Amino acid sequence: MAFELMDEAFDKGGFGAVSTGLLLGAVTFFLGDLAINRAGGKHRKRSAGQQQDGNASAIVLGTLMDGIPESMAIGVSLLAGGKVGWVFLAAVFLSNIPEGLSASAGLKRAGHHPTRILLMWTSIALLSAISAGLGYLFLRGAGPNVTSGIQAFAAGAILTMLSSTMLPEAFEEGGAMIGLATTCGFLAAFTLSHL
């Protein structure tokens with residue numbers, strides 16, 4: 001997913017726009033995630049009920065923040081070619097299933113009512129769709145450097161987010177910095193493949 005976004009962005013904006021966008025996306029998501037964790041949303045992706053001691057608003061904000069990069073990528077992809085690939089949509093959908101199931105199970109174990117959990121997920125889906133639509137509307141006239149930078153920003157944020165979710169052993173050993181390290185490694189590999 002990130003490679004597809006970066007490849008498309010590189011073709012339009014070149015290396016400067018994509019490398020800047022990728023690193024800014026990674027750092028922005030890292031700092032936002034750190035703030036959400038400190039506000040009580042640290043265990044939003046866990047399934048064993050650790051959310052009981054968390055702040056419900058921070059959990060919802062954190063989950064919404066996790067969805068924004070993907071929504072941005074969808075909105076910018078619409079700008080780039082007028083359509084979103086089914087492979088990308090399937091990847092976004094499939095990557096969110098384990099996170100959603102895990103967080104829902106944890107919220108239920110923490111004592112949240114199923115209706116409240118369903119309303120939370122519905123509001124997050126609606127806000128994500130609205131943000132994709134707004135991105136499409138407001139960035140229609142943007143130049144290729146801007147759209148490629150935003151696409152790369154989304155890729156950096158997605159990579160950083162997925163690293164903390166999908167690489168549990170690395171995250172346990174390296175902490176929150178693993179997302180930034182993964183994104184830097186990805187950028188190095190991407191650069192070498194385009195020399």
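The dialogue below works through some aromatic residues and one helix of a predicted model.

Student: How many aromatic pairs does a search of the whole structure find?

Tutor: The search finds 2 aromatic pairs. One of them is formed by Phe 10 and Phe 190, whose ring centres are 5.8 Å apart with 80° between the planes.

Student: What makes the pair of Phe 10 and Phe 190 edge-to-face?

Tutor: Ring centres must lie within 6.5 Å for a pair, and planes over 60 degrees apart count as edge-to-face; the values here are 5.8 Å and 80°, and therefore both conditions are met. The pair also links distant parts of the chain, since Phe 10 belongs to helix 1 and Phe 190 to helix 7 (residues 177–193), 180 residues apart.

Student: Why is Phe 190 called buried, and why is Phe 10 called partly exposed?

Tutor: Phe 190 has a relative accessible area of 1%, and because buried means under 20%, the term applies to Phe 190. Phe 10 has a relative accessible area of 22%, which falls between the limits of 20% and 50%, so Phe 10 counts as partly exposed.

Student: Why is the pair of Phe 186 and Phe 190 called stacked?

Tutor: The centres of these rings are 6.2 Å apart, with 20° between the planes; because planes under 30 degrees apart count as stacked, that is the term for this pair. Phe 186 and Phe 190 both lie in helix 7, 4 residues apart, about one turn of the helix, and both are buried. Together with Phe 10 they form one aromatic cluster.

Student: What is Phe 15 in contact with, leaving aside its neighbours within four places in sequence?

Tutor: Phe 15, which is found in helix 1 (residues 2–41), is in contact with Phe 10, Leu 187 and Thr 191. The C-alpha atoms of Phe 15 and Thr 191 are separated by 8.1 Å, although the two residues are 176 residues apart along the chain.

Student: Why does Phe 15 count as partly exposed?

Tutor: Its relative accessibility is 39%, a value between 20% and 50%, so Phe 15 is partly exposed.

Student: How do you know that the span of helix 4 agrees with what is expected?

Tutor: The 25 residues of helix 4 (residues 114–138) should span 36 Å at 1.5 Å a residue, and its end C-alpha atoms are 36 Å apart, so the two values agree. The buried residues of this helix are Ile 117, Met 120, Ile 124, Ser 128 and Ala 132, whereas Tyr 136, also in helix 4, counts as partly exposed at 32% relative accessibility.

Key: Residues are numbered from 1 along each chain as its sequence is written. This is a predicted model: local features need pLDDT of at least 70, side-chain atom pairs count only at pLDDT 80 or more; totals for chains, interfaces and linings use all residues. Side-chain values use heavy atoms; hydrogens and water are left out. Helices (H or I, at least four residues) and strands (E, at least two) are DSSP runs, numbered from the N terminus. Buried means under 20% relative accessible area, exposed over 50%, partly exposed in between (1.4 Å probe, protein chains only). Contact means heavy atoms within 4.5 Å. Rings of Phe, Tyr and Trp (its six-membered ring) pair if their centres lie within 6.5 Å; planes under 30 degrees apart count as stacked, over 60 as edge-to-face and the rest as tilted. The expected span of a helix is 1.5 Å times one less than its number of residues.
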